[in-house]
Amino acid sequence: WGLEAVRERVFALAEGLRRGLSAIPGVIVRDLGETRCGIVSFTVARWAAPEVRGRLAGHAVNVSVSPAASTLLDMRARGLDAVVRASVHYYNSTEEVTRFCAEIEDLARGTAE
């Protein structure tokens with residue numbers, strides 16, 4: 001593949017994930033900066049980040065939580081306690097990104113099991 005191709009693939013998948021998440025009512029993508037990587041940070045209204053992680057784990061979807069303590073000044077300035085972090089990799093598919101967004105949409109709507 002080569003490093004440049006991997007970078008382009010990861011950035012494209014991550015931007016697709018950001019677009020998909022941004023289209024879901026109650027979901028806010030929290031990424032900043034001009035050049036964004038394969039890590040997508042977001043919050044879901046009415047759900048604490050650890051609850052989102054737990055619900056997704058029940059559907060075989062892995063994410064991490066970044067608490068305020070990990071970026072204290074930034075999170076405090078933005079009024080955030082924690083964010084959910086999803087990471088895409090070059091081997092992920094667009095179908096997996098679509099499935100991820102569907103899981104988050106179910107959660108945001110309150111229809112997740």
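Modeller: Let's start with one term: a residue is called buried when its relative accessible area is under 20%, exposed when that area is over 50%, and partly exposed in between. Please keep in mind that the model we are reading is predicted.

Colleague: Let me try that on arginine 18: is it buried or exposed?

Modeller: Arginine 18 has 4% relative accessibility, which is under 20%, so it counts as buried. Its side chain has a charged partner: arginine 18 forms a salt bridge with glutamate 15, and the closest N and O atoms are 2.8 Å apart. Glutamate 15, at 25% relative accessibility, counts as partly exposed.

Colleague: Where do arginine 18 and glutamate 15 lie?

Modeller: Both are in helix H1, three residues apart, and that spacing is about one turn of the helix. The pair also belongs to something wider, since Glu15, Arg18, Asp31 and Arg36 are linked in a network of salt bridges.

Colleague: How many salt bridges does the count come to?

Modeller: The count comes to seven salt bridges. The cut-off is a side-chain nitrogen of Lys or Arg within 4 Å of a carboxyl oxygen of Asp or Glu. Helix H1 holds another one, where the side chains of arginine 7 and glutamate 4 meet at 3.9 Å, N to O. Once again the two residues sit three apart in helix H1, about one turn of the helix.

Colleague: Are arginine 7 and glutamate 4 buried or exposed?

Modeller: They fall in between. Arginine 7 is partly exposed, with a relative accessible area of 38%, and glutamate 4 is partly exposed as well, at 46%.

Colleague: Which salt bridge involves arginine 99?

Modeller: Arginine 99 meets glutamate 103, with a distance of 4.0 Å from N to O. Both lie in helix H4, residues 94-109, but here the partners are four residues apart, about one turn of the helix. Compare the covers: arginine 99 is partly exposed, with a relative accessible area of 41%, whereas glutamate 103 is buried, at 14%.

Colleague: Now the strands. What order do they have in the sheet?

Modeller: For strands, the thing to read is who pairs with whom. Here, four strands make an open sheet in the order E1-E2-E4-E3, with antiparallel pairing. Strand E1 (27-29) and strand E3 (64-67) are the edge strands, each pairing on one side only. From one strand to the next, the twist averages 35°.

Colleague: How many bridges join E2 to E4?

Modeller: Four bridges join E2 to E4. One of the partnerships is isoleucine 39 with serine 87 in E4. On the other side, E1 and E2 pair over three bridges, in the antiparallel sense, and isoleucine 28 has threonine 43 in E2 as its bridge partner.

Colleague: What lies across the sheet?

Modeller: Two helices do. H1 lies across E1, strand E2 (39-44) and E4, running at about 10° to E2. Helix H2 (residues 49-57) lies across E2, E3 and E4, at about 35° to E4. E2 appears under both helices, and E2 is mostly covered: five of its six residues are buried.

Colleague: Let me zoom in on one residue of E3. What is proline 67 in contact with?

Modeller: Leaving aside neighbours within four places in sequence, proline 67 is in contact with Met75, Asp81 and Ala82. One of these contacts is also a pairing partner: in E4, alanine 82 is the bridge partner of proline 67. E3 and strand E4 (residues 82-87) pair over four bridges, in the antiparallel sense. With a relative accessible area of 39%, proline 67 is partly exposed.

Colleague: Finally, the surface. Which residues form a nonpolar patch?

Modeller: Trp1, Tyr90 and Tyr91 do, and together they have about 440 Å² of accessible area. Tryptophan 1 sits in the segment before helix H1 (3-22).

Colleague: Why does tryptophan 1 count as exposed?

Modeller: Its relative accessibility is 67%, and the cut-off for exposed is over 50%. Set tryptophan 1 beside arginine 18, where we began: the first counts as exposed, the second as buried.

Key: Residues numbered from 1 in each chain as written. Predicted model: local features only at pLDDT ≥ 70, side-chain atom pairs only at ≥ 80, totals over all residues. Heavy atoms only, no water. Patch = residues over 30% accessible without salt bridge, like charges linked within 9 Å, V, L, I, M, F, W, Y side chains within 5 Å. Areas by Shrake-Rupley, 256 points an atom, 1.4 Å probe, with all protein chains shown as cover. Buried < 20%, exposed > 50% of the residue type's maximum accessible area, 1.4 Å probe, protein only. Pairing = 2+ DSSP bridges. Axes fitted to C-alpha atoms, helices over the stretch in contact; angles between N-to-C directions. Contact = heavy atoms within 4.5 Å.
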